[in-house]
Amino acid sequence: MIRIKKSLEIPLGLDTKYNAEDVCKQILEDQYEKCYLCERYLGTDYQVDHLRSQANYPLLVKEWSNLFIACSYCNGKKGVSFDGILNPCLHNIEEIIEHSVLFMEKKVVFNSSQLSKEVRQTIQLLTILFNGKNGLRTCREQRFYDEFIRKINVFQYAVDEYMLGKKEEYRPMIEELLDIHGEYLGFKHLIICGNPVLKKDFEEFLGWNK
Ligand SMILES: [Zn+2]
């Protein structure tokens, strides 16, 4: 999960309904066609998600700053239980929450030095998305995780080869995978920042939506 910058111009269709065509189109553009929670490409599988849920915050149903787009997997899991997560327009989430993968243990860990209620709830939601509810994944959760691992492995491989000395060969690929359109940037952020050499060489590519 990373910071998001929403368009300052509010789509006219929002006067009628929160998921009007122009509303969806603008949010998709603002989010570079990715789910704001898991950072997957959305394709045709997207839903307008209310950061603060419709059920608990009826006055915010058509509030532009409350609307994001999520994949159906994430939207379903968020439901009405996570109304207190960090607002990605107000925080550099990739800097507040460390996103790391324990490849051997087949799980994902989210950590933060900040212990606010918002941070804790965001970590709780992200943990469920990537690890399943009690650390045991259903078929769908396992497919979600496998897709994520396949893609993050490509990045990890490029970074490993770069560190092994194939700098010129792998630099263009790493730069491309760090583009704002790329998936899972929250995870890539830690991979880069966790290594002093990579941080020095690629830090300029981490300025997403700042
Ligand atoms: Zn998602």
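Hi everyone, let's start with strand S4, residues 107-111, where the side chains alternate. Val108 and Phe110 point to one face and are buried, while Lys107, Val109 and Asn111 point to the other face and are not buried. That fits a general pattern: in a regular strand, side chains alternate between the two faces of the sheet. One thing to keep in mind as we go: this is a predicted model.

So who sits beside S4? Its partner is strand S3, residues 98-102, and the two pair in the antiparallel sense over five bridges. Look for Val101, which stands opposite Val108 in S4. S3 and S4 form a hairpin with four residues between them. In that turn you'll find Lys106, with a positive phi of about 55°.

Now let's move to the metal. Which residues are the protein donors of the zinc ion? They are Cys35, Cys38, Cys71 and Cys74, each through its SG atom, lying 2.3 Å from the zinc ion. The arrangement is tetrahedral because the four donor atoms subtend angles of 101 to 116° around the zinc ion. For comparison, the ideal angle for four tetrahedral donors is 109.5 degrees.

If you follow the sequence, the donor residues are spaced C-x2-C-x32-C-x2-C. Take the pair Cys35 and Cys74, which links distant parts of the chain, 39 residues apart. Cys35 is in the loop between helix H1 (21-30) and strand S1 (47-50), whereas Cys74 is in helix H2, residues 72-78.

Are these two buried or exposed? Cys35 has a relative accessible area of 1%, so it is buried. Cys74 is at 0% relative accessibility, so it counts as buried too. Thanks for listening!

Terms used:
Residues are numbered from 1 along each chain as its sequence is written. This is a predicted model: local features need pLDDT of at least 70, side-chain atom pairs count only at pLDDT 80 or more; totals for chains, interfaces and linings use all residues. Side-chain values use heavy atoms; hydrogens and water are left out. Donors are N, O and S atoms within 2.8 Å of the metal (3.2 Å for Na, K and Ca); water is not among the atoms, so sites may look incomplete. Four donors count as tetrahedral if all angles lie between 85 and 135 degrees; four count as square planar and six as octahedral if opposite donors are over 155 degrees apart and all others between 65 and 115; anything else is irregular. Buried means under 20% relative accessible area, exposed over 50%, partly exposed in between (1.4 Å probe, protein chains only). Two strands pair if DSSP finds at least two bridges between them.
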